[in-house]
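Please open the model in your viewer and keep the sequence panel beside it. The stops below each begin with something to select and then say what is found there.

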Amino acid sequence: MTLPGGFQPVKSSTRTLEVLEALAASPQRRSLVDLARALDIPKSSLHGILRTMAQRGWVESDPTGTRFGLGVRALQVGAAYLTSDDTVGLLGGVLDDLSRQFGETVHLGRLDGAHIVYLAKRESVHPLRLYSAIGRQLPAHATALGKALLAERPDEALDGLLTWPLPALTPHTVTDPDALRAELAAVRERGYAVDREENTEGIVCFATAVPLAAPATDAISLSVPVARLGAAGEDRIVAALRRAVDQVQAARGLLSTA
């Protein structure tokens, strides 16, 4: 593949990054044969790549030496990314305030292609809560965070971001193109997005885009079990999210890129 400007990626570097991405996407360690088949890399070449990455701490193997997963170096680099990200630092206090107000799960998410990635999280104080983890990647169309950010873009941009047909995470996930476009139009009109059990059954999530870029790349959300939402819950949560966005806009001058 040749990129614009005549640049051609270095094959060995591309393969190394593909290995990292494949291991990051897998909840379990993967075998050499499995990785070679999935990535279409000859086993002999892949074995050399894995040994080099293991020597540098990017990959670890199980006691048998036949199954591979991410190493501690990947964690260190991921942590460094979050530490150096201005937006994560700027929104820390906002996330803390939302967490104190509601005692529910609060997230900061970033749009990454067709997915949303969790950059920061404040845990719910209740035993019944949404499962999530920093760095987790989810389909944007199935989350309030993702829909808040997709709505920042024109409908014609969706085909460049999403791959149809869209996966359904629950029976409630919006997967039809026309239905999703109608949903995003509603997000633009009301100013916030809602995920009504579309990511996790029993959980409702509300999100607003954070206007630090145009179009926005980050959003904040609050997730609550249906059983705890209550009749006035949506109005209270949305009002709090809007206040949070106002706080961020007031403080945006602190960003080094502003």
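## Starting inside the six-stranded sheet

Begin by selecting Phe 206, which stands opposite Leu 222 in S9. This is a predicted model, so local features are described only where pLDDT is at least 70. Phe 206 and Leu 222 belong to a pairing in which S8 and S9 run in the antiparallel sense over eight bridges.

Now colour strand S8 (203–210) and strand S9 (218–225), and then add strand S7 (193–196). S7 pairs with S8, again in the antiparallel sense, over four bridges, and if you select Arg 196 you will find Val 204 of S8 opposite. Between the strands of this S7 and S8 hairpin there are six residues, and in the hairpin Glu 197 takes a positive phi near 60°.

Widen the selection to the whole sheet, which is open and has six strands in the order S6-S5-S4-S9-S8-S7, with antiparallel pairing. At the edges stand strand S6 (137–139) and S7, and because each has a single partner strand, one side of each is left without a neighbour in the sheet. From one strand to the next the twist averages 30°.

At the S6 edge, select S5 (residues 115–122), which is joined to S6 by three bridges, the two strands running antiparallel. Val 117 can serve as a marker here, since its bridge partner in S6 is Gln 137.

## Strand S8 and the helix across it

Is strand S8 buried or exposed? Eight of its eight residues are buried, so S8 is largely enclosed by the rest of the structure. Helix H10 (residues 233–251) lies across S7, S8 and S9, and runs at about 25° to S8.

For a single residue in this setting, select Thr 208, which has its place in strand S8. Its relative accessibility is 4%, and Thr 208 counts as buried because the cut-off for that class is under 20%. Apart from neighbours within four places in sequence, Thr 208 is in contact with Ala 148, Gly 191, Tyr 192, Ala 219, Ile 220, Leu 241 and Val 245.

## The enclosed cavity

Next, look for enclosed space. Rolling a probe the size of a water molecule over the atoms shows where empty space is left. In the whole structure, a search finds one cavity of 30 Å³ or more, and the volume of the largest cavity is about 60 Å³. To frame this cavity, select His 107, Tyr 118, Leu 130, Thr 143, Leu 145, Asp 195, Asn 199, Ile 203, Cys 205, Ser 221 and Ser 223, which line it. The elements that give two or more residues to this lining are S8 and S9. Colouring the lining of the largest cavity by class gives five nonpolar residues, five polar and one charged.

## The three-stranded sheet

Move now to the other part of the sequence where strands pair, and select strand S1 (30–31) and strand S2 (59–61) together with strand S3 (residues 67–70). These three strands form an open sheet in the order S1-S3-S2, and the pairing is antiparallel. S1 and S2 stand at the edges, each with a single partner strand, so one side of each is left without a neighbour in the sheet. Two bridges join S1 to S3, and Ser 31 has Arg 67 of S3 as its bridge partner.

## The open pockets

For the largest pocket, which holds about 1,400 Å³ of space, centre the view on Ala 24, Leu 70, Val 117, Gly 135 and Arg 136, the closest to its centre of the 35 residues that line it. The elements that give two or more residues to this lining are helix H1 (11–25), S3, helix H4 (72–84), strand S4 (105–112) and S5. Among these, H4 gives the most, with eight residues. By class, the lining of the largest pocket has 23 nonpolar, seven polar and five charged residues.

Which residues line the second largest pocket? Select Ala 114, His 115, Pro 139, His 141, Leu 162, Thr 163, Leu 166, Pro 167 and Leu 169, which together form the lining. About 150 Å³ of space lies in this second largest pocket, and its lining has six nonpolar and three polar residues, with no charged residues.

Methods. Residues numbered from 1 in each chain as written. Predicted model: local features only at pLDDT ≥ 70, side-chain atom pairs only at ≥ 80, totals over all residues. Heavy atoms only, no water. Pairing = 2+ DSSP bridges. Axes fitted to C-alpha atoms, helices over the stretch in contact; angles between N-to-C directions. Contact = heavy atoms within 4.5 Å. 1 Å grid on protein atoms, 1.4 Å probe; cavity = no way out; pocket = protein on both sides within 12 Å on 5 of 7 lines; lining within 4 Å. Points joined across faces, edges and corners; volume = space filled by probe spheres on them. Nonpolar A, V, L, I, M, F, W, Y, C, P; charged D, E, K, R; others polar. Buried < 20%, exposed > 50% of the residue type's maximum accessible area, 1.4 Å probe, protein only.
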